[in-house]
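Trainee: I'd like to go through this model one question at a time. Could you give me the reasoning as well as the result?

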Amino acid sequence: MQGLEVVKPWVKKYGVTFPVAVDMADVFGAAFGLKAIPVSFLVDEVGIVRLQGGGPSKEFRAQVEEVLREPVSAVRGRTREAPSVLSLGELRARAARQPDDAAARLALAQALERSEDLAGALAECNAAARLQTKDAMIPFTHGLVLLRQGRTNDALAKFTAARELDSGNWRIRKQIWALEHPEKFYGTNGIDWGWQKEQVARERK
Amino acid sequence: MLATRMLALALTAAPATAISGAPLPVITRDGQAHVAAAALERDAGIVIKRLPGRGGGSEFVACGPSQCAPLKGVLADGETLLAPVAGLSEALNLTANLDEGRRHVTFGPAQLDSSSTTGTARVGGIAPNLRLTKLDGTTVTLDELRGQRVLINSWASW
């Protein structure tokens, strides 16, 4: 969600060798219904989500190894078409056919963001917001697009609106914290976990 | 009620699915018909998978080509897993036709396309397909990785 400028240095610093994807429009988060990260999923050869884990833990690792020991199935599951796999043209067509479908407009917004049409993405976020006022992912996506345009204050307003709609969503909360208090995340001492604990207590009041 | 489910029902024209109509040997336990998981997978395209359960036990899920559902009543017979025919039929909305001696069962496709619910992935469900862009600018979809076991880790700098 934070772009190449954040991801690349981390990948280099930790010597990551597995494929890394950048997900500015939060496609993965929306599809997997993420409320908090870090999170890991193990998807097996059939396509079934077998495990979900938080940060690294011995127990999760043991569960992963147990699944990896299973004999490999020849069965392959089929997925329904997913918005992030439809082409931009297909998503445009779908939004044109179903202009009152907030989810279709949001999926188009995300695809426009991926293809660098930020103005188009904003227009679709606005359209989705007019149709659906309860889905936190609409203002959240809107905020991510504004952030890409460098409109930090406007983005913050959107993230705050998203947090109102989904107060249990830690991704939204952390995105706000990182914007309002960058020194607690990107300073020379790294992430200030103590500050986060205090902040949670402050927000509970 | 159980008997009704097991009778052959007239199928409306249904789209072809990967559930094949091969007859599977029935194994009776406690008077209930079961089929071996290996036979289900090999001959009917249905997999039974184990998920971590609460309290350290296991829960099972049955998956057809496009949907998964929790499956109760799975028995372990040594190394083999036995899936209850009635439970499977209900979980995956299949018709189950037993032959006269109740020695073989054939599963048929769902009458309605009940490929389920929301797009949100859940443990025990089929992962949604996604296309994401890698650092080098190329894209990858989850469907392309089917056939391999994939560990996905999602993180941010905060």
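## Working through the model

Trainee: Is Leu112(A) buried or exposed?
Mentor: Count the C-beta atoms, placed from the backbone: 20 or more others within 10 Å of a residue's own make it buried, 12 or fewer exposed, and anything in between partly exposed. Leu112(A) has 23 others within 10 Å. That count makes Leu112(A) buried.

Trainee: What kind of model is this?
Mentor: Numbering first: residues run from 1 along each chain as its sequence is written, with chains lettered from A and ligands numbered from 1 in the order in which they are written. Local features need pLDDT of at least 70 and side-chain atom pairs count only at pLDDT 80 or more, while totals for chains, interfaces and linings use all residues, this being a predicted model.

Trainee: Which helix holds Leu112(A), and which residues does it touch away from its own stretch of sequence?
Mentor: Helices here are DSSP runs of H or I with at least four residues, strands are runs of E with at least two, and both are numbered from the N terminus. On that basis Leu112(A) belongs to α5 (residues 102-114) of chain A. A contact needs C-beta atoms, placed from the backbone, within 7 Å. Setting aside neighbours within four places in sequence, the partners of Leu112(A) are Asp117(A), Gly120(A), Ala121(A) and Glu124(A).

Trainee: How many helices and strands does chain A have in total?
Mentor: Follow the sequence and you read α-β-α-β-β-α-α-α-α-α-α-α-α-α. The tally for chain A is eleven helices and three strands.

Trainee: Which strands stand at the edges of the sheet built from both chains?
Mentor: The order is β3(A)-β2(A)-β13(B), an open sheet with antiparallel pairing, where two strands pair if DSSP finds at least two bridges between them. An edge strand has a single partner, so one of its sides is left without a neighbour in the sheet. That describes β3 (49-53) of chain A and β13 (150-154) of chain B.

Trainee: By how much are neighbouring strands of that sheet turned against each other?
Mentor: Axes are lines fitted to C-alpha atoms, for helices over the stretch in contact, and angles between N-to-C directions run from 0 to 180 degrees. With direction ignored, the average turn between neighbouring strands of this sheet is 15°.

Trainee: Which helix packs on it?
Mentor: Look for one that touches β2 and β3 of chain A together with β13 of chain B. Its direction makes about 165° with that of β3(A). The helix is α3 (residues 58-69) of chain A.

Trainee: How many residues does the largest nonpolar core have?
Mentor: Such a core joins buried Ala, Val, Leu, Ile, Met, Phe, Trp, Tyr and Cys residues through C-beta atoms within 7 Å. Ile48(B), Ala62(B), Cys63(B), Leu71(B) and Ala83(B) have the most contacts inside the largest one. Domain 1 (4-69) and domain 2 (83-204) of chain A both contribute residues, so the core lies between them. Its size is 68 residues.

Trainee: How far apart are the centres of those two domains?
Mentor: The bounds come from an automatic or database domain assignment, giving 4-69 and 83-204 in chain A. Taken over C-alpha atoms, the centres of domain 1 and domain 2 of chain A are separated by 20 Å.

Trainee: Which element of chain B gives the most residues to the side that touches chain A?
Mentor: The contact takes 45 residues from chain B and 54 residues from chain A. On the chain B side, β4 (47-52), β11 (131-134), β12 (139-141) and β13 each give two or more. With five residues, the one giving the most is β13(B).

Trainee: How many residues on that side are charged?
Mentor: Ala, Val, Leu, Ile, Met, Phe, Trp, Tyr, Cys and Pro count as nonpolar, Asp, Glu, Lys and Arg as charged, and the others, Gly among them, as polar. The chain B side has 22 nonpolar and 15 polar residues. The charged ones number eight.

Trainee: Which residue stands opposite Val22(A)?
Mentor: Strand β1 (residues 21-22) of chain A pairs with β11(B) over two bridges, in the antiparallel sense. Opposite Val22(A), in β11(B), you find Thr133(B).

Trainee: Which residue takes a positive phi in the hairpin of β9(B) and β10(B)?
Mentor: Strands β9 (residues 95-98) and β10 (residues 104-108) of chain B run antiparallel and are joined by four bridges; one of the facing pairs is Asn97(B) with Thr106(B). Five residues lie between the strands. The residue with a positive phi, near 55°, is Arg102(B).

Terms used. Contact = placed C-beta atoms within 7 Å.
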